[in-house]
Amino acid sequence: EELATRRAILELLKESDAVILDGSTAFEEKMTQVYTQSFILFAHDTRKNAAYEADARKFMDVWNRRRATDLATVLYLSNPDHTWATPVRSAEDSSRAANADRFINELLALKLVANPRVRTLFRNIAASLFFVLLLLFLFKDSIQPTGLNAALALVTRDYPSDGVVTVKVPVTDCLRKMVRGDQLLVTLNNYDNNQYSALVDLNGRDTVSATFTGITMAGKDSSQAAFQLILNKTLTVDAASKEYYSGYVLVVRGVDCEMRLPVEKPAAQ
């Protein structure tokens, strides 16, 4: 009934062609009605109502520019809460209802890619890319150290704004030979012109650890290693990785064993 009524309105409007002339306000209002009725008829069935396409596209141009002046029509075709039925159908599947925005977007897709199989292929590719990006986002810390990521640079590790780094140092014979006394000063240099230090006691320990909090990475040069580890202000070791990691193990050995580190004392002394 609605479709028949809208066709009848179009026929009645045509009868005024000789009376309402171009350039008047009445003519503009009339053509707005023509374009609106044509759009709804065309959006109901693009094949059967192809004759209305030219005027329907004029309505779509106004709609896309958010220039539709009839608020009732805007609400009716937007149907934001899906509380009523309209004749507008999906441009891809006429058995499915749609609002004006969906119909116009699907019609544009149909014009760009006419072959339904190709459209389906593009949809599948888009869905696959979405899930790949989702996986990269969820597991970026696991992917980051892999060789594949090193080659393709898919993800980079985010630097925490208030990071914590723990450095473990095995107390080997080499380390005991290097350190005169029982105090080891472990310093973390983070290439942000900031250094963090902790004095630990080696006496009776197999492994000592120093935990640094409030680590910042502002201004870090991505071409440099993430950190330097410094023992007793003398032995400097670059961390191998350029990325942020929350834990490091520093093992001294080889020629470093011949080095004698200066004596460090607790601040209280």
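Two strands are taken to pair if DSSP finds at least two bridges between them. On this basis, the predicted model contains an open sheet of 3 strands in the order β4-β1-β7, with mixed pairing. The edges are occupied by β4 (207–215) and β7 (247–249); each has a single partner strand, so one side of each is left without a neighbour in the sheet. Direction ignored, neighbouring strands of this sheet are turned by 15° against each other on average. Strand β1, which covers residues 163–170, pairs with β4 in the antiparallel sense over 8 bridges. Within this pairing, Val169 has Val208 of β4 as its bridge partner.

Another open sheet is formed by 4 strands in the order β3-β2-β5-β6, and its pairing is antiparallel. Here β3 (195–201) and β6 (235–238) stand at the edges; a single partner strand is available to each, so one side of each is left without a neighbour in the sheet. The average turn between neighbouring strands of this sheet is 20°, direction ignored. Strand β2 (residues 183–189) runs antiparallel to β3, and 7 bridges join the two. Thr187 stands opposite Ser197, a residue of β3.

Strands of both sheets contribute to the largest nonpolar core, which has 32 residues. Within this core, the members that touch the most others are Leu175, Leu184, Val186, Phe212, Ile215, Phe227 and Leu231. At least two core residues are supplied by each of β1, α9 (173–178), β2, β3, β4 and β5 (228–231). The largest share, 4 residues, comes from β4, an edge strand of the sheet with the order β4-β1-β7. In soluble globular proteins, nonpolar side chains tend to be buried together.

The second largest pocket involves helical elements. Its volume is about 220 Å³. The lining of this pocket consists of 13 residues, and those nearest the centre are Thr32, Tyr35, Val62, Arg67 and Thr69. Helices α2 (25–44) and α3 (53–64) each supply at least two residues of the lining. The largest share of the lining, 6 residues, comes from α2. Divided by class, the lining of the second largest pocket comprises 5 nonpolar, 5 polar and 3 charged residues.

How values were computed. Residues numbered from 1 in each chain as written. Predicted model: local features only at pLDDT ≥ 70, side-chain atom pairs only at ≥ 80, totals over all residues. Heavy atoms only, no water. Axes fitted to C-alpha atoms, helices over the stretch in contact; angles between N-to-C directions. 1 Å grid on protein atoms, 1.4 Å probe; cavity = no way out; pocket = protein on both sides within 12 Å on 5 of 7 lines; lining within 4 Å. Points joined across faces, edges and corners; volume = space filled by probe spheres on them. Nonpolar A, V, L, I, M, F, W, Y, C, P; charged D, E, K, R; others polar. Core = buried A, V, L, I, M, F, W, Y, C linked by side-chain atoms within 4.5 Å. Buried < 20%, exposed > 50% of the residue type's maximum accessible area, 1.4 Å probe, protein only.
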